[in-house]
Amino acid sequence: MPENVKNVMAAIDYIEGHLHEKLDLKTVAEAAHYSKYHLHRMFTNTTGLTIHDYVQRRRLTEAAKLLVLSDKSILEIALSAGYESQQSFTDIFKSMYKKSPNQYREAEEFYPLQLRCVLNETPADLNEKTWQDKIAFATKEDIPEWMGLVHLVIDGFPHLDEKKYLEQLQEYIKNKRALILKEADMAIGIMAFHEVTGSIDFLGVHPQYRKNGIAKAFCEKALYELARSAQISVTTFRAGDKADTGYRKVWGSLGFAEAELLVEFGYPTQRFILQKPKTGGKENG
């Protein structure tokens, strides 16, 4: 596993250093001295994204930054992001950001689709018994590790305003509504939860640990130990949203059912609900 992580880290280094050049699986694989099939499998398993999706999202993020922070024309930005025409850039930008480049520029609010993926070179081989007891209420001292994980899972939270998020996080910590799971000095799972409304306002799991059942553990803790009602809820991407890197599928796999369509911060979303089982009487998870 550590060897695989090192190879993926090398591929990320290459991608980040060549974002404005031709980048596809073949090019990155040749630079990393790996077969493209092997690298594709390692990269996807480690980061949760294909190289194509990672590159596209990173380029669009850098383009979005230029739209807000520079005076470059949209055509210039489109070409620097690797698109052959302004129209092709506009089409994919709108499908991911839900605004045209012009509308995004006029709003003057930059937020990323994808930040650089920073990996743990030696991830622990966790088992369920190890981490179930480790989910704890976060403290102010945990904020740096918490934000580090937020940056890694930014793909699941469109329109995240980091300054406002930090203010909200401090309130959640103060009111014991922020839960964290750490391995050594690194956050591998975080959840902001409101026990009265039953709303999961944020749930993030480190990409290298997503197959360890951590999301399920957080949801069960929220549903059986914290929630004051018989259900918990979360909002996520709508069906067919190209910006969704698999979050709808995850919530569905955890037993959440589709509920009403919403618009949050101008972004189309959908609410998902998880009910406590009505049979069995015991609710000790």
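Over which residues does pLDDT stay under 50? The stretch is residues 281-285. The model, which is predicted, has four contacts beyond four places in sequence for these residues. Where pLDDT is low, the predicted coordinates should not be read in detail. For the protein as a whole, pLDDT averages 91. A score of at least 70 is reached by 94% of the residues.

Aromatic residues were examined next. The structure holds 14 aromatic pairs. One of them joins tyrosine 104 and tyrosine 111, with ring centres 5.7 Å apart. Their planes meet at 55 degrees, so the pair is tilted, since stacked pairs need planes under 30 degrees apart and edge-to-face pairs need over 60. Both partners were then checked for accessibility. Tyrosine 104 has a relative accessible area of 1%. Because the cut-off for buried is under 20%, tyrosine 104 counts as buried. Tyrosine 111 is buried too, with a relative accessible area of 4%. These two tyrosines belong to one aromatic cluster. Its other members are Tyr83, Phe89, Phe93 and Tyr97.

Internal space was also surveyed. Four cavities of 30 Å³ or more are present in the structure. The largest holds about 60 Å³ of space. Its lining draws on separate parts of the numbering, including Thr47, Leu49 and Tyr54. Gln114 and Cys117 also line this cavity, as do Leu152 and Asp155. Pro207 and Arg210 complete the list. By class, the lining has five nonpolar residues, two polar residues and two charged residues.

Cys117 leads from the cavity to the cysteines. Besides lining the largest cavity, cysteine 117 is buried, at 8% relative accessible area. Cysteine 219 is likewise buried, with a relative accessibility of 3%. A disulfide is a covalent bond between the sulfur atoms of two cysteines. The structure holds zero disulfides.

Terms used: Residues are numbered from 1 along each chain as its sequence is written. This is a predicted model: local features need pLDDT of at least 70, side-chain atom pairs count only at pLDDT 80 or more; totals for chains, interfaces and linings use all residues. Side-chain values use heavy atoms; hydrogens and water are left out. On a 1 Å grid over the protein atoms alone, a cavity is a set of points where a 1.4 Å probe fits but cannot get out, and a pocket is an open set with protein on both sides within 12 Å along at least five of seven lines; lining residues have an atom within 4 Å of a point. Grid points are joined across faces, edges and corners, and a volume is the space filled by probe spheres set on the points. Ala, Val, Leu, Ile, Met, Phe, Trp, Tyr, Cys and Pro count as nonpolar, Asp, Glu, Lys and Arg as charged, and the others, Gly among them, as polar. pLDDT is the predictor's confidence in each residue, from 0 to 100. Contact means heavy atoms within 4.5 Å. Rings of Phe, Tyr and Trp (its six-membered ring) pair if their centres lie within 6.5 Å; planes under 30 degrees apart count as stacked, over 60 as edge-to-face and the rest as tilted. Buried means under 20% relative accessible area, exposed over 50%, partly exposed in between (1.4 Å probe, protein chains only). A disulfide is a pair of cysteine sulfur atoms within 2.5 Å.
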